[in-house]
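User: Hi, can you walk me through this structure? I'm new to this, so keep it simple.
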Amino acid sequence: MSAQHLTDLAKKLFEEERAIKRLDGWFRIKEYRRDTDQEFAHLPVIEKAGEQLKIICEKLPISISKYAVFAGTQRDAFASTYALINPEFKVETFCGYCDPTAVYDDLKPDEEFTKERIENMRSYDRTIPYVRELTAVYDKYEEYTSEVAFFVEQVTGHVIPDMRPVLEFGIDKLISDIKSKIDTDNEKQKSTHRAMINSLEAAKILANRYRELALSDAENADEDEKERLLNIANALGKVPAKPAENLFEAIQSFIIMWQVMCLEQAPNPYAFSVGNADRIFEPYRKMTDMSREDTAALLKHFLVFFNVGDRSWAISQNLIIGGRDKNGNDLSNLTSFALFDAYYDMNLPQPILSVKLHENTPDEIYCEMGRFFFTPGVLTPSLFNDDAMFKVLKKAGIEEDDLENYMIAGCQEPLIWGKDSGNTTNSWLNLGKILELTLTGGKSAISGKKIGKQNNDDAVDVLKNIRWRFYHNLKYLTGKMADAANGCSKALANLPVPFLSAFMGGIESGYDCRDTENQGTKYNGSGCLIHGNTVVADSFIAIDCLLKERPEDAANLISAVKCNFEGYEELREYLLSRPKFGNNIDIVDKEAVEVTSKTADIVRSQLNYLGNHFRPDFSTPSTHLLYGYWVGALPNGRKSREMLNYGIDPLYGDANLGLGFRTLSTMKLPFKKMCGGCASHIGLDPKYFKGETYEDKGLEFRTKVVNPLFFNDVYEVSPFYVYLNVTTPETLRKVLENPKKYAPNGVYIMRIHGTFVNFLDLSPAIQQDIITRLDLNSTSVAC
Amino acid sequence: MRIFEKGFNYSQDGPGNRLVLHLSGCNLHCPWCSNPEGLFQSGTEYSVEDIFAEIVSCKPMFFEGGGVTFTGGECTLQSEELSILIDKLHDEKINVCIETNASTDGFLSVFEKVDYLIIDYKCPDADILKNITGADLSAIEKNIFTAIGSKFLHIRIPFIDGFNTHLVDDFIVFFEKLQKNSSDFDVEILPYHEYGKVKWEKLGQEYKYNNGKVTNQEIHDFEAQLREKNIKVRRS
């Protein structure tokens, strides 16, 4: 089949997928599990999971699209749920509670899935140990989560399985390896290994069903279609049971494995990530010396696989290109460039593209990226700095040989490929709310509710000792948060994942990667997403200024923030005019370093269910809006319910001297302590780039943006992550006003936090946030 | 030292990425000025030490041979402090550029110290220059002739209809004279713009210059004439 024909099919396949409005496979899976719970009740829970996965793979209705060159879909693992791409989503609807049965609201009743059938399933779900335990955790910590002093959740998805052994050796070999271990296993390991064998068998079952379907469809197909279907059938006659021997088989094998992994965690296992796809597939491309063009054509189908339904609901699945080894050698290859070609030509909302950079990254990578950054409406890669990331991870305890295998789960969280269960979104800490509660003596300025420790101390005394009080409060609430987060992880352990665990080191360890008593993966930790570091730093400095410059007004500050500065407008203007992070003003930048550093230490000191440390992650995936909504006015002059700063960035509007000063402030932050990750967004006006070709602009982008930010040797560890949108607010407004003109195919890709999305799919609140946070004053290049 | 604006730009006011500091005060009164804050004593007073510390803190951004550029207003009006500051910056191996109208006494005490020199040569007609901007052409030309040969000169001409577009031949005559001393200079033609108009209004001042726009053809023709005489032309 020609590359052009493959491309045409991939585009039609995506179109077909986008026309799918209803996702109900996940509901069938829920029912299959319920209907067999009794049958397998005698088994350890992990063995039950393995058996049930086999049943799911035996019973789930399957089909092969007339445009597909590979069999397999993720469609049955996802519901139409994810808030940010749901047009109904509103910032104010966040309620600090993660109800695992709320997903049933996302299935519209029809003749087959009646309301009664849905409600029966929901009622049953409420009785299972996982839901009961999780609900108990939320009930216990509701005081803190309802206005998001912190938030906690169970973490599904969000890891990077290493599927390479399946491609290289095949499932049969893995099963044989597992069997050889069972004799020396303890009872728990025996159960886990048995469950893994069954779950791997499930993949073979599914593969075989697709093979039979392809053969049967081929019987009545015309010549072209027959060839396509027989190719699928032939591949599935080998993989994933046996090793792949060319790129086609490798991709087919990978797709089946990925599908089963998602089915195991249905519904909504967001943010599984592929890892370095170039490293996965290059050996198989090389086996037949396939050209870049033909490789790209096949990879286009691979990319379409990550798009589910009308809004690409399987969000935050990350795919990486490039990077270095521990000696600094570049690891990109021809498949890296074929992936760029495939991404550019398809321009799909998923999977997210990340590019790892380092000092020896070849010019060609920057040249390739030029067309992504400078073509309006085309996806842009997230950028990671390997040189810095290696240092961060090494300090966090990652072994030297594992460093090159850090991958990105979800948006920006670094995890080690197939070895790291990081529970990345387990906990979420709201420094803005904690500062508010510190100022008010524990009484919410939003609702008046009492939250945390209470006091009625003198206002001026509170301000004079604001740092001590804040950190004291922070320690207390972080402890509560860790307890709650661990409760969520323990609840989730009721749903073991033997299939996934087989690609997370579970074959060697004999333990499930969700096991809370025995560590199944080489590395383990729990994530904490920290919100509002620079807002708090700005607030501390504003308080200092007030005490020093206008001591007579100090007593009014707390009253002013309690009433959202109503009647204190002049005081607010004064506070707004005090130094703000992001302008290379040493006093406030140092404060931001201090806030970030101390908070990271406090978070890091918390231990999870296995006694491993929490991982500070300074990222706020649109939650700077959601959590900001629950934070009253703050001493930096920010008004009640307004957004917090995004990730580690200055608060919108506060950095107005341009990219140079903003970069100088940013690079001072203690990146070495951000082992859970961090987030930073730069909105750039394309007019600053003068190169005549995309390639020239890509190199110019390296010179003006990447090198100063990533490869400056001034500080021990440079920033290691940034994502960009190269556009202007005016352009985006035009796209919204006239989508048919600016996005004729209905897709205009923008980035929100680590993921990219179709701008037109977003809820209005998030669309406006993107426009607001372009914040071009903070990134202007000429003065 | 008094500074009214700061920011970074790339390769516009000297080589590489540069911190550009606008020093307050100007001895001229060009009606098209795009930084009119500099005409008035606006801005903030800093000690030499404070500015030095800030510039040093910006070192990570001086990539591609960048550094700091002092402009204005007219930066050489603060030549005494500027001179001390430049010495300190050189101790830190920071590349220094000034952008100047070359009409002040202070010019002579500063220009030799800088690594890169940008001079505005606005008009070769003494009367027009004096009337419109208040500048003394003879002083400017004397300073330029003093500076030429000691280092590379980047000469800028604000090309403005109704002010100097009819004087192309005179410009050429001047540059030919200069060339006899040294060809170590280039010329950049800056077309008239009105980016500063809003700033004038914000300052409560009337923006008095209108209709100064020039066409691309006029610029092209001027550049062509310069090239004909082997005068180097720059576009940034």
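Analyst: Sure, we'll take the domains first and then one helix. Keep in mind that this is a predicted model.

User: Which domains does the assignment give for chain A?
Analyst: Domain 1 covers 83–147, and domain 2 covers 427–778. Their centres, taken over C-alpha atoms, are 27 Å apart.

User: How many residues are in contact between domain 1 and domain 2 of chain A?
Analyst: On the domain 1 side, 18 residues are in contact with 28 residues of domain 2.

User: And which helix gives the most to that side of domain 1?
Analyst: That is α5 of chain A, with 5 residues. Helix α6 (142–145) of chain A also supplies at least two residues there.

User: What classes of residue are on that side of domain 1?
Analyst: There are 12 nonpolar, 1 polar and 5 charged residues.

User: New topic: α8 of chain A. What span should its 12 residues have?
Analyst: Helix α8 runs over residues 171–182, and at 1.5 Å a residue it should span 16 Å. Its end C-alpha atoms are 17 Å apart, which agrees.

User: Which residues of α8 are buried?
Analyst: A:I171, A:L174, A:I175 and A:I178 are buried.

User: Why do they line one face of the helix?
Analyst: Look down the axis of α8: its buried residues fall within an arc of 100°, so they line one face. In general, an α-helix has 3.6 residues a turn, so residues three or four places apart point the same way.

User: What covers those buried residues of α8?
Analyst: The cover includes α7 (164–169), α9 (187–219) and α21 (506–509) of chain A.

User: And which exposed residues are on the face turned away?
Analyst: That face of α8 carries A:S176, A:K179 and A:S180.

Conventions
Residues are numbered from 1 along each chain as its sequence is written. Chains are lettered from A and ligands numbered from 1 in the order in which they are written. This is a predicted model: local features need pLDDT of at least 70, side-chain atom pairs count only at pLDDT 80 or more; totals for chains, interfaces and linings use all residues. Domain bounds come from an automatic or database domain assignment. Two residues are in contact if their C-beta atoms, placed from the backbone, lie within 7 Å. Helices (H or I, at least four residues) and strands (E, at least two) are DSSP runs, numbered from the N terminus. Ala, Val, Leu, Ile, Met, Phe, Trp, Tyr, Cys and Pro count as nonpolar, Asp, Glu, Lys and Arg as charged, and the others, Gly among them, as polar. The expected span of a helix is 1.5 Å times one less than its number of residues. A residue is buried if 20 or more other C-beta atoms lie within 10 Å of its own, exposed if 12 or fewer, and partly exposed in between; C-beta atoms are placed from the backbone. The arc is that of the directions from the helix axis to the C-beta atoms.
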